[in-house]
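User: I would like to learn how to read the helices, contacts and pockets of a model like this one. Could you take me through them feature by feature?

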Amino acid sequence: MALALGIAMAIAFLFRSQLAQMMQAPLSSLDPNLVRTLVSFGVADSMTISFQLAFYAGIVIAFPFLIYFAGGFVLPALTPQERKAMLPAVLIGFGLFLAGVLFAYYFVLPPTLRFFFHDAMNMHWAPTWNVREYFSL
């Protein structure tokens, strides 16, 4: 499982710039100038955030393999009837996991950003967000 996750993380790390752009797309759709105003206060922010992005993207990429390996550990203890139910359960679980990730990205994150952006504007503050806080959100 660790090897599958490590390989998926390494692949995701190779595309760290594209991952960062993808994660900044909801912010850019709110106001294209906000992405240009993201500030990095830490010396190693680019690298630590890249590792965090690679870790989470690695989990998404490796999820089917992680479920497969977990199933391989549990499968010998199951009855034949339970084994039959395992494949549909894994497929449904993976589908629900992906649906949750996509729902959060497309339907939860944009209104959340919009709320915080407009709330800061209502307080007469300039919404200048730093990179670490944005990506930790």
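User: Which residues of α5 are buried, and what covers them?

Analyst: The general idea is that an α-helix has 3.6 residues a turn, so residues three or four places apart point the same way. In this predicted model, the buried residues of α5 are Tyr105, Leu109, Pro110, Leu113, Phe117 and Ala120, and what covers them includes α2, α3 and α6. Phe103 also belongs to α5, which runs over residues 80-122, but Phe103 is partly exposed because its relative accessible area is 49%, and buried would require under 20%.

User: How should I read the length of α5, and where does the helix kink?

Analyst: One sets the distance between the end C-alpha atoms beside the span expected for the number of residues, and then looks for a local change of axis. For α5, with 43 residues, the reach from the first C-alpha to the last is 61 Å, close to the 63 Å expected at 1.5 Å a residue. A kink of about 35° nevertheless lies at Val108, shortly before the proline Pro110. After the helix comes His124, whose phi is positive, near 65°.

User: What does the same reading give for α2, and where does that helix bend?

Analyst: Helix α2, residues 16-30, has 15 residues and spans 22 Å between its first and last C-alpha atoms, close to the 21 Å expected at 1.5 Å a residue. The bend in α2 is about 45° and falls at Gln24, with a proline, Pro26, following within four residues. Both Gln24 and Pro26 are buried, as are Leu19, Ala20 and Leu27, and the buried residues of α2 pack against α1, α3, α4, α5 and α6.

User: How many salt bridges does the structure hold, and which residues form the pair?

Analyst: Here one looks for oppositely paired side-chain atoms, and then asks what parts of the chain they join. The structure holds one salt bridge, formed by Arg132 and Asp45, whose closest N and O atoms are 2.2 Å apart. The pair links distant parts of the chain, since Arg132 is in helix α6 and Asp45 in helix α4, 87 residues apart.

User: Are the two partners buried or exposed?

Analyst: The partners are read one at a time. Asp45 is buried because its relative accessible area is 5%, whereas Arg132, at 35%, is partly exposed.

User: Which residues does Phe13 contact beyond its sequence neighbours?

Analyst: Neighbours along the chain are set aside, so that what remains shows packing between separate segments. Phe13, in helix α1, is in contact with Met47, Ser50, Phe51 and Ala54 once neighbours within four places are left out. Ser50 lies in helix α4 and, on the same kind of count, touches Arg16 and Asp45 as well as Phe13. Ser50 is buried because its relative accessible area is 8%, while Phe13, at 23%, is partly exposed.

User: What is the volume of the largest pocket, and which helices line it?

Analyst: Rolling a probe the size of a water molecule over the atoms shows where empty space is left. The largest pocket has a volume of about 820 Å³ and is lined by 25 residues, with Met23, Leu53, Tyr56, Val101 and Tyr105 nearest its centre. Each of α2, α4, α5 and α6 supplies at least two residues of the lining. Tyr105 thus appears twice in this reading, among the buried residues of α5 and among the residues nearest the centre of the pocket.

Methods. Residues are numbered from 1 along each chain as its sequence is written. This is a predicted model: local features need pLDDT of at least 70, side-chain atom pairs count only at pLDDT 80 or more; totals for chains, interfaces and linings use all residues. Side-chain values use heavy atoms; hydrogens and water are left out. Buried means under 20% relative accessible area, exposed over 50%, partly exposed in between (1.4 Å probe, protein chains only). The expected span of a helix is 1.5 Å times one less than its number of residues. The bend at a residue is the angle between axes fitted to the seven residues ending there and the seven starting there. Contact means heavy atoms within 4.5 Å. A salt bridge is a side-chain nitrogen of Lys or Arg within 4 Å of a carboxyl oxygen of Asp or Glu. On a 1 Å grid over the protein atoms alone, a cavity is a set of points where a 1.4 Å probe fits but cannot get out, and a pocket is an open set with protein on both sides within 12 Å along at least five of seven lines; lining residues have an atom within 4 Å of a point. Grid points are joined across faces, edges and corners, and a volume is the space filled by probe spheres set on the points.
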